[in-house]
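The following note is offered for the file on this entry. It takes one helix pair as its starting point and then turns to the chain as a whole.

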Amino acid sequence: MNEQAIVSKMHEYLHTATKELCAWLAKMLPRVGEDWWQVCVMDNLSFAQKQYATENGYSKLEDLDLAALLRVADKSWYDMRSFAYLPTRDRQCVRDMMKVRNNWAHLAGAIEDKDVVLRDLDVILAFFENVMVTNKYTQGIEDFRREVENADFSAVFETEPVKVKAPEPVQASTGGIQEKDRVYLTGDPNTKGMVFSVTDIGGTKR
């Protein structure tokens, strides 16, 4: 297992969560009322999300990304509770998924440590089990979680040392080298510079 494999798998789970949540909201929100799109979706998006949705003519849940869908689910929770049993702990799970989504959508140069990855996997698992009420993905997530738990992160994220070539002697294009001459590397003519001092070592000017 390497870093790319972990990132790829987490993004796969988040993509699956997007599809499942979209399908779930498509069943739930129309029961709120005929104006559910305006009341539950557009009115509950953040300013930036609403502006983007308006500019792009969004008109269905499939147009929204995971961040927007999670926000809609959270803000519409009490509306949906008028006709469905939705425990408060499940709403907290939705909010926890927002943090997980942000962790992996705004990934830095290196991913978080093992404990953070395991915590996020626990949230994803709880989201599918409790909010989506499906066990289709349980086994796969649990298996991957065990792989992460047993992985040696010091080895997973170890990077190869950067090898730097030693500078080659520089030579002037013509004649002897003098201070303030413009020179280039014989091994790489595109690498040019200016001479600030000249030293004669064994007959070779450096």
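**Note on helix packing and overall make-up**

1. In this predicted model, helix α1 (residues 3–28) packs with helix α4 (residues 66–75) at an angle of about 40 degrees, and their axes lie 10 Å apart. Because angles under 35 degrees count as roughly parallel and 65 to 115 as roughly perpendicular, α1 is oblique to α4.

2. The handedness of this pair should also be recorded: α1 and α4 cross in a left-handed sense. On the α1 side, the contact is made by L14, A17, T18, L21, C22 and L25. The residues of α4 that take part are L66, L69, L70, V72 and A73.

3. What classes of residue make up the contact of α1 with α4? There are 10 nonpolar residues and 1 polar residue, with no charged residues.

4. Turning to the secondary structure, the protein has 9 helices and 5 strands. Their order along the sequence is α-α-α-α-α-α-α-α-α-β-β-β-β-β.

5. On burial, 34% of the 206 residues in the protein are buried. The accessible surface of the protein is about 13,000 Å², and carbon and sulfur atoms account for 49% of that surface.

6. As to contact order, the relevant set is contacts between residues at least 6 apart in sequence; of these, 58% join residues at least 24 apart.

Note on methods
Residues are numbered from 1 along each chain as its sequence is written. This is a predicted model: local features need pLDDT of at least 70, side-chain atom pairs count only at pLDDT 80 or more; totals for chains, interfaces and linings use all residues. Side-chain values use heavy atoms; hydrogens and water are left out. Axes are lines fitted to C-alpha atoms, for helices over the stretch in contact, and angles run from 0 to 180 degrees between N-to-C directions. Helices (H or I, at least four residues) and strands (E, at least two) are DSSP runs, numbered from the N terminus. Angles under 35 degrees count as roughly parallel, over 145 as roughly antiparallel, 65 to 115 as roughly perpendicular and the rest as oblique. A crossing is left-handed if the near helix is turned anticlockwise from the far one by less than a right angle, and right-handed if clockwise. Contact means heavy atoms within 4.5 Å. Ala, Val, Leu, Ile, Met, Phe, Trp, Tyr, Cys and Pro count as nonpolar, Asp, Glu, Lys and Arg as charged, and the others, Gly among them, as polar. Buried means under 20% relative accessible area, exposed over 50%, partly exposed in between (1.4 Å probe, protein chains only). Accessible areas come from the Shrake-Rupley method with a 1.4 Å probe; for residues, only the protein chains shown count as cover.
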